[in-house]
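User: Hi! I am new to reading protein models, and I would like a close look at one helix and how it sits among its surroundings. Could you walk me through it in plain words?

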Amino acid sequence: MAIEAGPVGRLAPPVPELDPSVVERWSVGGGQLVELLAEVCGRLGGVGAFRLGDGGPAGRPTVLVTGPEAVQHVLALNPQRYVKRSHRARLLVGEGVLSATGEAWKSQRKLLQSQFTGTGMRRYEQRIAGAARVAAGRWAAYARTGEVFDVGEEMRRFALDTIWRSLTGYPLDADTDRELGSVAAVVAALPTLPADSADAGEAVAEDLARIDAVAHHAIAAARRGSAGPDGPGLLHLLVEASAERPEYTDRLIRDELVTLLVAGHETTATTLTWLYLLLDRHPEARTWALAAGAEGSTERREAIQALVSETLRLYPSAWILPRHAIEDDVLAGYAVEAGTDVVVCPYLAHRDPVLWPDPERFDPLRFTVPGGRPSVPGGYVPFGIGPRACLGLQFALRESTVLLEHLLPAHVPAFRSVPEGASYSITVRPDGPTPATLAAHPLTAHPDRGR
């Protein structure tokens with residue numbers, strides 16, 4: 001269907017669609033989905049359509065968006081037209097801010113937003129630093145003993161410790177760490193769960209029960225006024241809100257707590273794991289970052305931030321962002337009917353060779369030299385953009401930088417094996433374990449790596 005575009009009444013053509021015979025080669029499971037999306041993008045450009053099965057509502061194709069202007073149009077300029085209907089993690093996070101919609105989402109986001117900007121972020125500095133010191137202590141022990149450890153698991157422990165301190169004021173203890181391993185288990189299971197919500201819930205019922213038990217224990221402690229050595233945390237803010245906002249029942253507080261746990265550690269842990277795998281192939285990047293300035297200097301911090309930013313370009317925290325058009329619209333000159341599913345894909349947008357020359361190359365200098373990264377809005381969106389962009393953007397960047405300031409100068413993991421590919425779920429994760437030891441001479445780069 002053509003849609004009227006602009007005051008002159010010109011009719012916009014439909015979005016160009018990938019030939020169904022090409023689509024038939026792919027399935028939507030696992031890495032095949034990203035391969036299909038790459039095919040659509042490669043053949044049709046920054047806005048293209050494809051049809052799976054019956055093609056969604058009324059046989060309509062799904063529209064893939066990767067061009068920067070179109071990304072900006074959908075996520076930032078017209079969020080009221082392109083809405084979020086649900087979230088793959090709803091089974092885990094319930095009605096938390098990640099999956100909430102409409103007025104409920106607006107209210108929940110407003111309550112939390114002030115905690116993650118400016119003054120709000122400063123209250124977490126000591127908690128982040130405390131978790132980084134604990135992680136650095138573990139790595140020092142690994143270096144002394146030569147013990148084999150898993151880098152991804154270490155990044156998970158650090159990120160979970162950081163968010164737990166921020167939520168409760170307490171450092172992460174061994175029992176809580178063990179029980180909250182169920183969060184990662186459910187996240188990993190999401191792509192393979194049955195479509196029926198009851199069957200899906202049954203499949204992970206034991207893990208959800210363990211998560212609920214931890215959450216309800218923490219909520220009860222916060223209601224009693226219990227605060228850890230770092231003082232009250234985000235959980236106390238949610239409990240206090242319940243005194244004036246009846247919608248903040250224990251169930252909604254549980255959902256927000258689990259949402260913050262998932263969003264606050266899963267993405268950061270994955271980013272840091274990818275970064276260490278990239279540094280294993282490109283040890284010169286570590287040398288460059290450490291040579292940028294003295295310990296604690298602005299120059300070194302900015303270089304380390306560039307390592308993180310380039311990792312997020314290749315493996316964005318929000319690699320795919322589904323939306324649903326509730327009104328007719330014209331997108332990049334093409335007609336989009338109300339009822340159409342729209343998929344924004346930062347993972348592919350960040351691999352546009354026009355915006356990012358040699359896009360598969362790991363090059364942190366893109367984020368330090370003038371003109372190294374595109375200035376066009378929508379060209380770099382690892383946490384999304386617009387009103388539904390990730391609340392914890394600054395938190396995630398800060399905790400990643402602080403940990404790397406502790407670990408990079410002292411330790412170089414020597415991987416026993418590395419994953420062969422990626423697993424595409426809520427995040428883009430390495431598809432296998434990351435066992436390593438710490439090199440005996442940590443400040444010596446590996447000259448033969450990355451050739």
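Analyst: Here is a tour that starts with helix 5 and then visits other helices and a few loop residues.

First, the ground rules. This is a predicted model, in which local features need pLDDT of at least 70, side-chain atom pairs count only at pLDDT 80 or more, and totals for chains, interfaces and linings use all residues. Residues are numbered from 1 along each chain as its sequence is written, and side-chain values use heavy atoms, with hydrogens and water left out.

The score pLDDT is the predictor's confidence in each residue, from 0 to 100. For this protein the mean pLDDT is 90, and 92% of the residues reach 70 or more. Residues 444-451 are a stretch to treat with care: their pLDDT is below 50, and beyond near neighbours in sequence the stretch has nine contacts in the model. Where pLDDT is low, the predicted coordinates should not be read in detail. A contact here means heavy atoms within 4.5 Å.

Now to helix 5, residues 102-113. Helices (H or I, at least four residues) and strands (E, at least two) are DSSP runs, numbered from the N terminus. How far should the 12 residues of helix 5 span at 1.5 Å a residue? The expected span, which is 1.5 Å times one less than the number of residues, comes to 16 Å, and the end C-alpha atoms are 16 Å apart, which agrees.

Which residues of helix 5 are buried? They are W105, Q108, R109, L111 and L112. These buried residues cover an arc of only 160° around the axis, so they sit on the same side of helix 5. The arc is that of the directions from the helix axis to the C-beta atoms. Buried means under 20% relative accessible area, exposed over 50%, and partly exposed in between (1.4 Å probe, protein chains only). On the face turned away from the buried side, helix 5 carries the exposed residues E103 and K110. The cover over its buried residues includes helix 13 (234-241) and helix 14 (250-281).

Helix 14 leads us onward, since T271 is found in helix 14. T271 counts as buried, at 6% relative accessibility. Leaving aside neighbours within four places in sequence, T271 touches V308, T311, L312 and S317.

V308, T311 and L312 bring us to helix 16. How is a pair of packed helices described? Two packed helices are described by the angle between their axes and the distance between the axes. Helix 15 (residues 283-291) and helix 16 (residues 298-314) pack at an angle of about 155°, with their axes 7 Å apart. That makes helix 15 roughly antiparallel to helix 16. Axes are lines fitted to C-alpha atoms, for helices over the stretch in contact, and angles run from 0 to 180 degrees between N-to-C directions. Angles under 35 degrees count as roughly parallel, over 145 as roughly antiparallel, 65 to 115 as roughly perpendicular and the rest as oblique. At the meeting place, A285, W288, A289 and L290 of helix 15 face R300, A303, I304, A306 and L307 of helix 16.

A306 also has a partner from farther along the chain: D363 is 57 residues apart from A306 in sequence, and their C-alpha atoms are 8.9 Å apart in space. D363 lies in the loop between helix 17 (346-349) and helix 18 (393-407), and D363 is buried, with a relative accessible area of 17%. D358 is found in the loop between helix 17 and helix 18. D358 has a positive phi of about 50° although it is not a glycine, and D358 is partly exposed at 47% relative accessible area.

Let's finish with two more helices. In helix 3 (residues 68-77), seven of the 10 residues are buried, so helix 3 is largely enclosed by the rest of the structure. Those buried residues are P68, A70, V71, Q72, H73, V74 and L75. Their cover includes strand 3 (47-50), strand 4 (62-65) and strand 7 (321-325).

In helix 10 (residues 181-189), S182, V183, A184, V186, V187 and A189 are buried. Helix 14 turns up again here, as the cover of helix 10 includes helix 14 along with helix 12 (205-223).
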